[in-house]
Amino acid sequence: MRRISVPSSIDMVNVLGPRDEFLRILERELDADIHVRGNEVTLTGTHTSVALAADVIGEMVTVLRTGQGLTPDGVERICSM
C-alpha cells in the first residue's frame, strides 16, 4: 500500500477529471486499486502495480503543475508509458 498526497495547489478535480473520468481510466488501465479521499490517493496491489500507479499519478501532477490540462487521451498515454 502506498499513499500519495497531491499538493493543495493542485485541484483534485483536475487530477480526477470531470465526473471522475480520469479516475475511471486509471482504474481500467492500471492493476492497482485506487482510493481517493480529499487530496490523498491510496494505492493497493502488488509492489509493481502500486509503483506504476504512483508514477502515473506523479506524471499527471507534473503535467498539471506546468499549467497544461489533462485530457482522456493524455491520461491513457501516460498510463501506457
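In this predicted model, R19 is exposed, with a relative accessible area of 73%. The residue sits in the loop between α1 and α2. Its phi is positive, at about 50°, although R19 is not a glycine. D20 lies in the loop between α1 and α2 as well. D20 has a positive phi of about 60° and is likewise not a glycine. At 35% relative accessibility, D20 counts as partly exposed, because the value falls between the 20% and 50% limits.

The loop leads to helix α2, which spans residues 21-29. The buried residues of α2 are F22, L23, I25 and L26. Viewed down the axis of α2, these buried residues fall within an arc of 160°, so they line one face of the helix. The cover over them includes α1, β2, α3 and α4.

Helix α4 covers residues 72-80. Within α4, G74, V75, I78 and C79 are buried. Down the axis of α4, the buried residues fall within an arc of 140°, so they too line one face of their helix. They pack against α2 and α3. The face of α4 turned away from the buried side carries D73, R77 and S80, which are exposed. One of the buried residues of α4, V75, illustrates the packing through its contacts. Beyond four places in sequence, V75 touches F22, I25, L26, M60 and L70. Of these contacts, F22, I25 and L26 are buried residues of α2, while M60 falls within the range of α3, residues 47-65.

Nonpolar side chains in soluble globular proteins tend to be buried together. Here the largest nonpolar core has 28 residues. Within this core, L26, V41, L43, M60, L70 and V75 touch the most other members. Five elements each give two or more residues to the core: α1 (12-16), α2 (21-29), β3 (40-44), α3 (47-65) and α4 (72-80). The largest share, 9 residues, comes from α3. V75 and three of its contacts, L26, M60 and L70, are thus named among the core residues that touch the most other members.

Empty space inside the protein was examined next. The structure holds 1 cavity of 30 Å³ or more. About 40 Å³ of space lies in this largest cavity. The lining consists of M12, V15, L16, L23, L26, I34, V36, V41 and I57. Helices α1 and α2 and strand β2 (33-37) each give two or more residues to the lining. The largest share, 3 residues, comes from α1. By class, the lining has 9 nonpolar residues, with no polar and no charged residues. Two of the lining residues, L26 and V41, also belong to the group with the most contacts to other core members. L23, another lining residue, is one of the buried residues of α2.

Strand β3 is represented by T42. At 15% relative accessibility, T42 counts as buried, because that value is under 20%. Leaving aside neighbours within four places in sequence, T42 is in contact with M1, R2, R3, D33, I34 and H35. Of these, D33, I34 and H35 lie within the range of β2, residues 33-37. I34 also lines the largest cavity.

R2, a contact of T42, is placed in strand β1, residues 2-5. At 42% relative accessibility, R2 counts as partly exposed. Apart from residues up to four places away in sequence, R2 touches V41, T42, L43, V50, A51 and A54. The contacts V41, T42 and L43 fall within the range of β3, and V50, A51 and A54 within that of α3. R2 and A53 are 51 residues apart in sequence, yet their C-alpha atoms are 9.8 Å apart in space.

The loop between α3 and α4 contains G67. At 65% relative accessibility, G67 counts as exposed, because the value is over 50%. G67 and E40 are 27 residues apart in sequence and 21 Å apart in space, C-alpha to C-alpha.

Definitions and conventions: Residues numbered from 1 in each chain as written. Predicted model: local features only at pLDDT ≥ 70, side-chain atom pairs only at ≥ 80, totals over all residues. Heavy atoms only, no water. Core = buried A, V, L, I, M, F, W, Y, C linked by side-chain atoms within 4.5 Å. Buried < 20%, exposed > 50% of the residue type's maximum accessible area, 1.4 Å probe, protein only. Helix = DSSP H or I, 4+ residues; strand = E, 2+ residues; numbered from the N terminus. Contact = heavy atoms within 4.5 Å. 1 Å grid on protein atoms, 1.4 Å probe; cavity = no way out; pocket = protein on both sides within 12 Å on 5 of 7 lines; lining within 4 Å. Points joined across faces, edges and corners; volume = space filled by probe spheres on them. Nonpolar A, V, L, I, M, F, W, Y, C, P; charged D, E, K, R; others polar. Arc of directions from axis to C-beta.
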